[in-house]
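Please look through the sequence and the structure shown here before reading on. The text below is meant to be followed with the model open.

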Amino acid sequence: MIRLRSARYLAIVSCLIFAGSSAAVGCASSDSKSSGQATTSSADSATQGLPDVPQSEFVDKTSLPEVTITVKDNVFSPQYITVSPGTKVIFNNQGRNPHNVIPVTSGAFEQIATDDLQPEEQDQIVFDEPGMYPYYCSLHGTPKKGMNGRVQVAES
Ligand SMILES: [Cu+2]
């Protein structure tokens, strides 16, 4: 029992060590490639049970302090982005319908309620901590299908 725990701990630590460099992404993606089961990094636990999204689908916005995601009927665009810690992510509803932004992992970030994302409205979330933040619109999607997206916060 103790051995298993410490082995798992070592796996996390080695992942974190690599996470300091640009290999953070490689650490997570190599895990999901090999098994998708025995992973313990935060990125993997955040997307556990969700479809795999290859890193190549994430739009690199890490050079920007502020990023806008256009909310349409019924997609988030761009759907997958990578940002730096502390980035302000603005959700701007350009659709004709209300939407919302709900974290898949409850409490991962403060959600944007439907009342705050009516057509022509925008609201923002600041992502400080590195990790993967999947989200969805509960009116037009689920964590797995329809209107959803992911914000990946890179290591600083
Ligand atoms: Cu919606």
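The paragraphs that follow go from the overall make-up to the two sheets, the core and a few unusual backbone sites.

This is a predicted model, and its confidence is a reasonable place to begin. The average pLDDT of the protein is 82, and 72% of the residues score at least 70. Residues 1-41 have a pLDDT below 50, and in the model this stretch has 28 contacts beyond near neighbours in sequence.

The protein contains 3 helices and 9 strands. Along the sequence the pattern is α-α-α-β-β-β-β-β-β-β-β-β. Of the 156 residues, 28% count as buried. Among contacts between residues at least 6 apart in sequence, 52% join residues at least 24 apart.

Two open sheets can be described in turn. One has 5 strands in the order β1-β4-β9-β8-β6, with mixed pairing. Its edge strands are β1 (59-60) and β6 (102-103), each of which pairs on one side only. Start from the β1 edge: β1 and β4 are parallel and share 2 bridges, and Asp 60 has Thr 82 of β4 as its bridge partner. On the next step, β4 pairs with β9 (residues 146-153), also in the parallel sense, over 4 bridges. Here Ile 81 stands opposite Val 151 in β9. At the other edge, β6 runs antiparallel to β8 (residues 131-141), and 2 bridges join them. One bridge partner pair there is Ile 102 and Tyr 136 of β8. In general, strands of a sheet pair through backbone hydrogen bonds, in either a parallel or an antiparallel sense.

Strand β4 deserves a closer look. In a regular strand, side chains alternate between the two faces of the sheet. Along β4 (residues 80-83), Ile 81 and Val 83 point to one face and are buried, whereas Tyr 80 and Thr 82 point to the other and are not.

The other open sheet has 4 strands in the order β3-β2-β5-β7, again with mixed pairing. Its edges are β3 and β7, and each pairs on one side only. At the β7 edge, β5 and β7 are antiparallel and are joined by 6 bridges. Within this pairing, Ile 90 has Gln 124 of β7 as its bridge partner.

What lies around Phe 91, a residue of strand β5 (residues 87-93)? Outside the residues up to four places away in sequence, Phe 91 touches Ile 69, Val 71, Val 101, Ile 112, Leu 117, Gln 122 and Asp 123. Phe 91 counts as buried because 23 other C-beta atoms lie within 10 Å, and the cut-off for that class is 20 or more. Leu 117 is 26 residues from Phe 91 along the chain, yet their C-alpha atoms are separated by 8.1 Å. Val 101 is one of the residues that Phe 91 touches. Leaving aside neighbours within four places in sequence, Val 101 is also in contact with Gln 111, Ile 112, Leu 117, Tyr 135 and Cys 137.

Val 101 also belongs to the largest nonpolar core, which has 24 residues. The members that touch the most other members are Val 83, Val 101, Phe 127, Tyr 133 and Val 151. Strands β2, β4, β5, β8 and β9 each supply at least two residues of this core, and β8 gives the most, with 5 residues. In soluble globular proteins, nonpolar side chains tend to be buried together.

Some backbone sites remain. Most residues other than glycine have a negative phi, and most peptide bonds are trans. Where, then, is the peptide bond from Asp 73 to Asn 74, which is cis with omega near 0°? Asn 74 sits in the loop between β2 (66-71) and β3 (76-77). Another cis peptide bond joins Ser 77 and Pro 78, with omega about -5°. Pro 78 is in the loop between β3 and β4.

Glu 120 is not a glycine, but its phi is positive, at about 75°. Glu 120 is located in the loop between β6 and β7 (122-127). Is Glu 120 buried or exposed? Glu 120 is exposed, because 10 other C-beta atoms lie within 10 Å and the exposed class takes in residues with 12 or fewer.

Methods. Residues are numbered from 1 along each chain as its sequence is written. This is a predicted model: local features need pLDDT of at least 70, side-chain atom pairs count only at pLDDT 80 or more; totals for chains, interfaces and linings use all residues. Two strands pair if DSSP finds at least two bridges between them. Two residues are in contact if their C-beta atoms, placed from the backbone, lie within 7 Å. pLDDT is the predictor's confidence in each residue, from 0 to 100. A nonpolar core is a set of buried Ala, Val, Leu, Ile, Met, Phe, Trp, Tyr and Cys residues joined through C-beta atoms within 7 Å.
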